[in-house]
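Here are some notes to read beside the structure, written as numbered points. Please keep the model open and look up each element as it is named.

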Amino acid sequence: MAHAIKITFPDGRYKEYAAGTTAEAVLKDIDKGLLKSVVAVQINERCVDLSFSLNEDSVIKPIAIDLKEGLEIYRHSTSHVMAQAVKELFDGVKVTIGPSIEDGFYYDFDSPNPFTPEDLKRIEKHMLDIIKKNKPFERAEISKKDALKLFGDMGEIYKQELINEIPEEKVSIYKQDGFVDLCRGPHLPSTGWIKAFKLTGIAGAYWRGDQKNKMLQRIYGTAFPTKQELDEYLYKVEEAKKRDHRKLGKELDLFSISDDVGAGLVCWHPKGAVVRSLIEDFWKKEHYKHDYQIIYTPHIAKVDLWKTSGHWEFYRGNLYSPMDIEGQDFIVKPMNCPFHIQIYQSQLRSYRDLPIRYAELGTVYRFERSGVLHGLMRVRGFTQDDAHIFCRPNQLEDEIEGVLNFTLYILRSFGFNNYDIYLSTRPEKFVGTLDNWTKAENALRYALEKTGLKFQIDPGEGVFYGPKIDIKIKDVLGRAWQCSTIQVDFNLPQRFNVAYRGEDGKGHQPIMIHRALMGSLERFFFFFLEHYAGAFLVWLAPVQAIVLTVTEKNNKYAQEVFDALRKQDIRAEVDIRNEKLGFKVREAQLKKIPYMLVVGDKEEEKQVVAPRTRSGSTLEPMSLEDFIRFVGEENKPRPVG
RNA sequence: GCCGGCGUAGCUCAGGGGCAGAGCAGCUGAUUCGUAAUCAGCAGGUCAAGGGUUCAAUUCCCUUCGCCGGCUCCA
């Protein structure tokens, strides 16, 4: 007779069972209904299968399918089913790894032939067959030696490589319907649990993510507990595609990246340029208000500047080749900092002068490999909203706090009030002294704490020259985009021998802070555009109002309305084309113009306009003065949150 | 850079070894109209570029460029 063990439940209750009782039996005993939604259990902090036998006193926590861990297990099991299907359909395929990821799962295969979209359909179909069979996922623990032989006999060399790296003596394998995989688990009880999945893509991926290794074939997929959730996800993906900034950029005539100009080089069209210049105007105004000094620096400089800064050595692969100018080598600038340092050094600086804050919308050029270019997101020439602050060590904390508040004010002005904030600390390879690093990290932390913002620490993720704070904006679809960055730099002041004269009359080295609020205008424009799906905030809309005539009889009045709007600095257009009103409304709507002002005989007679918003609602006819006042309210930045 | 897909009119896309197609946009004309597409006509092309196979290539093959999805990278 097995001895009794004590099983404790999450609510603190406990009950005794015979040793060897499975987790499933325990769940069934407490509440039969649990078995419908629970995919695995956590025993003393460790996730295991429902078939796990309990042999000692334990704390048990059910993992339901709708928990993050439950969904991961669900997707991971789906990836195993996919691997089985692939192995059964294609000869000569070797399996590697197949984890669950944020929105689904993938499995990497070493396949003699690349997969095609048609193959995906076949694989999906075969997966359905496997699911229908409802075969159990069976766990077994075997010795490494046996495992090596097992996978060796199957020719699974990647699995052998993985086994050899497992420190434990025993490894676990999972088997379903004759397909065996090396896996830590846990898994669903059986394949029939999989209710809704879809294979979403094929891509190349290096074995173990290393360029030096063989390129494998990765199949991406996703799975949800219900068909409805899957459909919702797929709908969201479609929505994201609709607001793709490359598509909107073309449709709304904002910018283009032309083959003839060169990959990764952006031409801003008039409508996009309006938005950008409004952003820049706002940026400049706010920088003066926040005690920055705005500067301009050249686009090329002698390569020696970059040798001094260290960029030449560290980032050679991302810099453009030098051009010969009267026997001297020049390059286009990949960074603005050395110029700012030059301006700082154009005079002897006193401790009384600090902090000095130089800001520049500086356009830089970096060589990005062709495969990484992506719309405005990843380009070869971009404009940083850059600034460098030179301060004394005891000013660091205040400066960081100031920058943080400034950043949030700017982001909120553009309607972003949802962020993830990270503090990255000293990496393994670093310059500067430990003491300085600690002081700087603390200054960043205290400043963050003062603002009361939630932040996470990313240990060891700082840049080699100093710790940093990164702010990621969350957009309306919940996607996070790196934009603001605040970095302390111990390296450049030293390399350029930057100094100030202290109270003691001696030379001291200032601390330098690099910071970008929006990152680059291109990138910022990208997530701004996608966040609003092209329906810009009124103060940034390229066209704020368009006057639409009902018939040509109203042209003269329409022109008067248009002129009046322009006089009041409202960006307006007028559409007097010989088209039906519905046609003009549709076009204006597609252009996402915030206000359409319909003028027909009725309006002309009463000297009013009938506004319609881009969301489709019509407002009561109002006088032009009232409309101008109405729009005027929206025609300025209004920080949210 | 690597793996795979793609490149046809301004845009979205069909086609396919033998005369290059549609819708929208454009132009011309008719229509004078009330909140998401009025009608008709016209015009629009080195089928990404270069090379090869072929009697014949936009179509098949190779190379280059670019774009898309990933991988790697991202001060």
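1. Before turning to the sheets, it helps to know that two strands are said to pair if DSSP finds at least two bridges between them. With that in hand, one can follow an open sheet of three strands, in the order E19-E21-E20, whose pairing is antiparallel. Its edge strands, each of which pairs on one side only, are strand E19 (300-302) and strand E20 (323-325). On average, and with direction ignored, neighbouring strands of this sheet are turned by 40° against each other.

2. Within that sheet, E20 is joined by three bridges to strand E21 (residues 328-332), and the two run antiparallel. To find one of the bridges by eye, start at Met323, whose bridge partner in E21 is Phe330.

3. For the overall picture, please bear in mind that this is a predicted model. Chain A has 20 helices and 35 strands, and its C-alpha atoms fill a box of roughly 95 × 80 × 55 Å along the principal axes. Of its 641 residues, 36% count as buried. Among the contacts in chain A with a separation of 6 or more, 68% are between residues 24 or more positions apart.

4. The domain assignment divides chain A into domain 1 (4-64), domain 2 (69-233), domain 3 (255-297 + 336-531) and domain 4 (538-634), so that domain 3 is written as two segments. Between the C-alpha centres of domain 2 and domain 3 the distance is 42 Å.

5. A hairpin worth a look is formed by strand E12 (residues 170-176) and strand E13 (residues 179-182), which pair in the antiparallel sense over four bridges. Lys175 stands opposite Val180 in E13, and of the two residues between the strands, Asp177 takes a positive phi near 50°.

6. Another open sheet has five strands in the order E32-E31-E33-E34-E35, and here the pairing is mixed. Strand E32 (572-575) and strand E35 (622-623) are its edge strands, each pairing on one side only. Further in, strand E33 (residues 595-599) and strand E34 (residues 608-613) run antiparallel and are joined by four bridges; Leu597, for instance, has Pro611 in E34 as its bridge partner. Helix H18 (residues 581-590) lies across strand E31 (545-549), E32, E33 and E34, and runs at about 165° to E31.

7. Is Val598, a residue of strand E33, buried or exposed? Val598 is buried, because 22 other C-beta atoms lie within 10 Å, and a residue counts as buried when there are 20 or more. Leaving aside neighbours within four places in sequence, Val598 is in contact with Leu548, Val550, Leu581, Glu603, Ala610 and Arg612. By contrast, Pro270 lies 328 residues away along the chain, and the C-alpha atoms of Val598 and Pro270 are separated by 25 Å.

8. Finally, consider the surroundings of RNA strand B, where 53 residues are found, the closest being Ala203, Gly204, Ser370, Gly371 and Gly600. The elements that give two or more residues to this surface are strand E14 (196-206), strand E15 (215-224), helix H8 (245-251), H18, helix H19 (601-606) and E34. Which of the elements gives the most to the surface near RNA strand B? That element is H18, with seven residues. Sorted by class, the surface near RNA strand B has 21 nonpolar, 18 polar and 14 charged residues.

Terms used. Residues numbered from 1 in each chain as written. Chains lettered and ligands numbered in written order. Predicted model: local features only at pLDDT ≥ 70, side-chain atom pairs only at ≥ 80, totals over all residues. Contact = placed C-beta atoms within 7 Å. Axes fitted to C-alpha atoms, helices over the stretch in contact; angles between N-to-C directions. Near = placed C-beta within 6 Å. Nonpolar A, V, L, I, M, F, W, Y, C, P; charged D, E, K, R; others polar. Buried ≥ 20, exposed ≤ 12 C-beta atoms within 10 Å, placed from the backbone.
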